[in-house]
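Reader: Before I rely on any of the labels attached to this model, I would like to see the reasoning behind them.

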Amino acid sequence: IDAMLMEYGILLSNMISVIRSREMACPALPMCPLATSEAERALPDVMTKLEAMGHGDADLIIRMTGCPNGCARPVSAEIGLVGKGTDQYCFHVGSNAGSRLNEKLYEVVRTEQLAPVIGVLLTEWKAQRTEGQSFGDWSHATGFDALRALVDASGTLSE
């Protein structure tokens with residue numbers, strides 16, 4: 001079975017990065033008439049960029065949807081990206097394994113800004129977290145003002 005999967009370019013579980021193994025996206029455009037943004041076609045590119053930044057080892061849950069209906073359950077993800085229009089997403093952080101929903105950090109982040117913003121946050125999480133502290137717990141404890149200050153200082157959201 002493994003050989004057959006490889007023959008068709010389907011990676012085995014031990015060949016996928018940790019960050020990619022925990023991602024989820026809804027079908028969104030063009031499959032869903034409710035979608036206003038890409039999801040399953042956009043998230044792989046975001047993940048590839050995060051892996052290139054050295055975050056393939058990040059053990060966190062990222063979910064993306066093409067609209068606010070939440071088919072991929074973005075509000076229960078440590079990072080939830082909710083489609084808000086063409087190439088725009090509401091950016092949520094702070095969930096913890098079902099005990100807390102995430103909250104909106106930014107009203108709008110453009111598609112090309114997603115990986116840089118996430119990268120800034122993951123770099124800081126890795127540097128500041130206590131041993132075993134999840135991204136959701138770290139971001140919740142750090143607070144939205146401090147998280148926004150980190151992202152603002154990086155210049156990733158500048159026009």
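Author: What follows takes up several labels in turn, for a model that is predicted.

Reader: Why is H92 called buried?

Author: The relative accessible area of H92 is 11%, and because buried means under 20%, the label applies. H92 lies in strand β4, residues 88-93, and, leaving aside neighbours within four places in sequence, H92 is in contact with residues including I79, V82 and L105.

Reader: What makes the approach of K104 to the side chain of H92 a polar contact?

Author: The backbone nitrogen of K104 lies 3.5 Å from a polar atom of that side chain, and since a polar contact requires N or O atoms within 3.5 Å, the pair stands at the limit and is counted.

Reader: How do you know that E51 and R20 form a salt bridge?

Author: Their closest N and O atoms are 2.7 Å apart, whereas the cut-off is 4 Å, so the pair qualifies. E51 lies in helix α3 and R20 in helix α2, so the salt bridge ties together parts that are 31 residues apart in sequence.

Reader: Why is K84 called partly exposed, and what does K84 pair with?

Author: K84 has 38% relative accessibility, and because partly exposed covers values between 20% and 50%, K84 belongs there. K84 forms a salt bridge with E107, the closest N and O atoms being 2.4 Å apart; this pair links strand β3 with strand β5. E107, at 39%, is partly exposed by that reasoning too, and K84, K104 and E107 are linked in a network of salt bridges.

Terms used
Residues are numbered from 1 along each chain as its sequence is written. This is a predicted model: local features need pLDDT of at least 70, side-chain atom pairs count only at pLDDT 80 or more; totals for chains, interfaces and linings use all residues. Side-chain values use heavy atoms; hydrogens and water are left out. Helices (H or I, at least four residues) and strands (E, at least two) are DSSP runs, numbered from the N terminus. Buried means under 20% relative accessible area, exposed over 50%, partly exposed in between (1.4 Å probe, protein chains only). A polar contact is a pair of N or O atoms within 3.5 Å; within protein, one must be able to donate a hydrogen and the other to accept it, and residues adjacent in sequence count only if both atoms are side-chain atoms. Contact means heavy atoms within 4.5 Å. A salt bridge is a side-chain nitrogen of Lys or Arg within 4 Å of a carboxyl oxygen of Asp or Glu.
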